[in-house]
Each structure stands twice: as C-alpha cells, then as structure tokens.
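Here are some notes to go with your first look at this one. Keep the viewer open while you read, and take the points in order.

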Amino acid sequence: MSALANHAFAKMNGIGNEIVVVDLRDSLAAVTPDDARAVASPAGVPYDQLMVLQPPRLTGTEAFIRIYNNDGSEAGACGNGMRCVVRRQFEKTGQTAVTYETRAGLLNCWQGPAPDLYTVDMGPPKLGWKDIPLAEEFRDTRYIELQVGPIDAPVLHSPSVVSMGNPHAIFWVDDIEAYDLAKFGPLLENHPIFPERANITLAHIVDRDHIVMRTWERGAGLTRACGSAACATAVAAARLRRTNRIVHMTLPGGELTIEWRERDDHVLMTGPAAFEYEGRFDPALFASVA
C-alpha cells in the first residue's frame, strides 16, 4: 500500500501555484512517481507540486524535501512550495528561521518583512551551459540560439537560460499574453537542447524594477506562478543590465520580490503562502499503484 494512503496533507498555494504538503518525517516510507501521479488525478488533490517532507539527512536541517511535479517527475527546487512548507512549520512551532535540504541543496528560509510574507534563499544561480544543462556549448547563456517559427521571421527567439535548481529558458517579449504558451510551452520544454527538459517563461521588462511574466512549468504545464522561474528571470534580466538586482515580479497568480544579492550571488525570493484546507488521502486513489 502506498505510504500516502490515509495520510494527512495540507492543500496550499503560493500566489496561485497549487501545492500539496505532506509530512513523512516520522516514516521511512518512500513516495513513488506513481503515488505522485495518483494524487494529481481528478479523484485526488490536483496540484502543480507535491512537497514531501522526509526525515532530515543533515544536522541542522528540518527535513529533506522531495518535490514532485504532477506528472510524477521530480523537481530540484520549488520556491512557491517552499514558502508553503515554511508557513506550516512556523505556524506549528513558532520558529522564524529554518533550513531544509532539497535536491538543489540547502535552502535557508525566514520570516519576511510582514507577517504574511516568507523569504526563501534559493542559492546562487547556475549560468554555465553544462550546469543548466544544455546539450551543446554556448559560451554566453545570456542569449542562446533557439527559435520558434520561420528562420527569417521567428515567433520567439534568443532566450536567456539559467538554472535555479531547475533549467529555465526566458524569452523576452513586448506582450506576454500575445503568444499561445500552451502550444509553444510543451514543444520548447522538450526541445533537444534541454536534456533535462526546461521551464519556459515569457517575460516583459516594464522598467528597471518591474517584470511581468508567464511560465510553462516543466512537468506541470501552465501555472499561475513559478517561483524558481521568477528567480531565473530576475537573474537573466540583471545579467543583461536591463533591471536592478532587486526587482518586483508580477505573475498571473500574484506578486513576488526577487533579490539577486551581490555580496554572495544568492537569490532571495519573498512572497506570501496561502492555506486552503487539510485532509487525508483516500486509500482508493492508490489501489492500482504497485
């Protein structure tokens, strides 16, 4: 039987990014990709990311967190999901600062500048082509040669690429609503240039302090918010010297503040996290899971 059968969960969201949080720190049981897909089924609790807290592996951390997309694949990082986890932790324990481990490394989190805001240190971005990763060498990842449409009149072209624990490609456009991201997103996510697939973002720089954006999320599809994409977009814009290192991000689901901190290269994401409801997974969801 699945480790999730009849287990408690919290349904939350980070500015519209649909999140399910499950605390398995008292168990050695593992969640499988089939389990994650079963949860995301219409009869389950549809989500963008499933945040599974497992027993800590390192001293000084609260948990090791495995992050599942709704197709059962694993993500290295999820900034919006982390804020949801942090809110639950703070409300239960009264803590105001914690450290978690993910596949992307250690993430320090703390209470933001207001009671309903939470800050996650997403660590430094990865900017080298091998680290993102890309399938071929590009010495300058501020722009790469990639386009959609005719070679002499491309619809989208020359994205910036960054890894924030997940690969991201950011296309700079004048109007983020003028493109069918549901059509282009899956094609670009699975382009051969991205051996681990990629999150695809359309971004418009309003001014040096403000960016608006939409994201097709690897393994999850169209989403109202993607925190790691917001971080990647802020870094990419600053690398092009088109914005400052602290920037206000507008996503379909809400607002984030991203700071690419100069003293240590870390990217700080600050935003809210909303609680929706608690429940228990119906064991019938996992009846067909081996």
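How many disulfides does the count come to? Zero. Before the details, bear in mind that this is a predicted model. My points follow.

1. Cysteines first. With a cut-off of 2.5 Å between cysteine sulfur atoms, the count of disulfides is zero. Take Cys 84: the nearest cysteine sulfur belongs to Cys 78 and is 7.8 Å away, and Cys 84 is in no disulfide. Cys 84 has a relative accessible area of 0%, so this residue is buried. Cys 226 is in no disulfide either; for this residue the nearest cysteine sulfur is again that of Cys 78, at 6.9 Å. Cys 226 counts as buried because its relative accessibility is 2%.

2. Now the aromatic rings. Searching the whole structure turns up four aromatic pairs. One of them is formed by Phe 9 and Tyr 277, with 6.1 Å from centre to centre and 80 degrees between the planes, an edge-to-face arrangement. Phe 9 belongs to strand E1 (residues 8–14) and Tyr 277 to strand E19 (residues 274–280), so this pair ties together parts that lie 268 residues apart in sequence.

3. Are the two partners in that pair buried or partly exposed? Phe 9 counts as buried, at 7% relative accessibility. Tyr 277, at 38%, counts as partly exposed. If you want to follow the rings further, look for a cluster: ring pairs link Phe 9 and Tyr 277 with Phe 281 and Phe 286.

4. Another pair worth a look is Phe 90 with Tyr 118. Their ring centres are 6.2 Å apart and the planes stand at 50 degrees, so this pair is tilted. Phe 90 sits in helix H2 (residues 79–93) and Tyr 118 in strand E8 (residues 118–121), so to speak a link between distant parts of the chain, 28 residues apart. Both Phe 90 and Tyr 118 are buried.

5. Which charged residues sit over a Trp ring? Arg 242 places its charged end over the ring of Trp 172, 5.8 Å from the ring centre. Arg 245 lies over the face of Trp 260, and here the distance to the ring centre is 4.2 Å.

6. Next, strand E14 (residues 210–217). Seven of its eight residues are buried, which leaves the strand mostly covered. E14 pairs with strand E13 (residues 199–207) in the antiparallel sense, over seven bridges. A hairpin with two residues in between joins E13 to E14, and Asp 207 has His 210 in E14 as its bridge partner.

7. E14 has further pairings to trace. With strand E16 (residues 246–251) the sense is parallel, over three bridges. His 210 has His 248 in E16 as a bridge partner. With strand E15 (residues 221–223), E14 pairs in the antiparallel sense, also over three bridges. There, the bridge partner of Trp 216 is Leu 222.

8. One last spot to check by eye: what does Gly 219 do in the hairpin of E14 and E15? Three residues lie between the strands of this hairpin, and Gly 219 takes a positive phi near 80 degrees.

Note on methods:
Residues numbered from 1 in each chain as written. Predicted model: local features only at pLDDT ≥ 70, side-chain atom pairs only at ≥ 80, totals over all residues. Heavy atoms only, no water. Buried < 20%, exposed > 50% of the residue type's maximum accessible area, 1.4 Å probe, protein only. Phe/Tyr/Trp six-rings, centres within 6.5 Å; stacked < 30°, edge-to-face > 60°. Helix = DSSP H or I, 4+ residues; strand = E, 2+ residues; numbered from the N terminus. Lys NZ or Arg CZ within 6 Å of the ring centre and 35° of its normal. Pairing = 2+ DSSP bridges.
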